[in-house]
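Student: I'd like a close look at one single part of this protein, explained slowly. Here is what I have in front of me.

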Amino acid sequence: LEVLRVGRAFSQQCPLQELPASLGALTGLTMLYLGSCTALTVLPESLGALTGMKTLHLEDCRALTALPESLGALTGLQTLNLESCEELTALPESLG
C-alpha cells in the first residue's frame, strides 16, 4: 500500500479520534491523507517508522493537539499540510 486516504476523500468528515499503532507497519506508504478528520486528537509514534513517507496531509484536523516526536524520522517528507489544525500549538523538536 502506497497511498492511504481517509476523510475528505469520501466527501464527509472522518470520525476517527486516533489511528492504530499498527499504522507503522505500512512501510511502503508514501502518502497519508487525513483531511477533515476533525475528531483526530493524536497520531501514533509509530508514524516515524514510515520512512518512505513523502506527503502527509492533516488539513482540517481541528482537534489534533500534538504531532509525535517520531515525525522527525521522516527524512524523505516533502509535504506536510497542517492547514486549519487549530489546536496544534507547536511542532516536535525533532523537526528542527
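Read along the sequence, which pattern does the chain follow? After that, could you zoom in on C61: where is C61 found, and is C61 buried or exposed?

Tutor: Happy to. One heads-up before we start: this is a predicted model, where local features need pLDDT of at least 70, side-chain atom pairs count only at pLDDT 80 or more, and totals for chains, interfaces and linings use all residues. Residues are numbered from 1 along each chain as its sequence is written, and side-chain values use heavy atoms, with hydrogens and water left out.

The pattern is β-β-β-β. In other words, the chain has four strands and zero helices; both are DSSP runs numbered from the N terminus, with helices being H or I of at least four residues and strands being E of at least two. C61 sits in the loop between β3 (55-57) and β4 (79-81).

Now, buried or exposed? C61 counts as buried because its relative accessibility is 0%; the cut-offs are under 20% for buried, over 50% for exposed, and partly exposed in between, using a 1.4 Å probe and protein chains only. Of the chain's 96 residues, 41% count as buried.

Who are the neighbours? Leaving out residues up to four places away in sequence, C61 touches L34, C37, T38, L40, S84 and C85, where a contact means heavy atoms within 4.5 Å. There's also E83: 22 residues from C61 in sequence, but 8.3 Å away in space, C-alpha to C-alpha.

C61 is part of a bigger group, too. The largest nonpolar core has 22 residues, and C61 is among those with the most contacts inside it, along with L32, L34, L43, L47 and L58. Such a core is a set of buried Ala, Val, Leu, Ile, Met, Phe, Trp, Tyr and Cys residues joined through side-chain atoms within 4.5 Å. In soluble globular proteins, nonpolar side chains tend to be buried together. From this core, L43 touches L19, L34, L58, L64, L67 and P68, again skipping residues up to four places away in sequence.

You may be wondering about those cysteines. A disulfide is a pair of cysteine sulfur atoms within 2.5 Å, and by that rule the count is zero. The closest cysteine sulfur to that of C61 is in C37, 5.2 Å away, so it is too far for a bond. For C85, which is buried at 8% relative accessibility, the closest cysteine sulfur is in C61, also too far for a bond at 5.2 Å.
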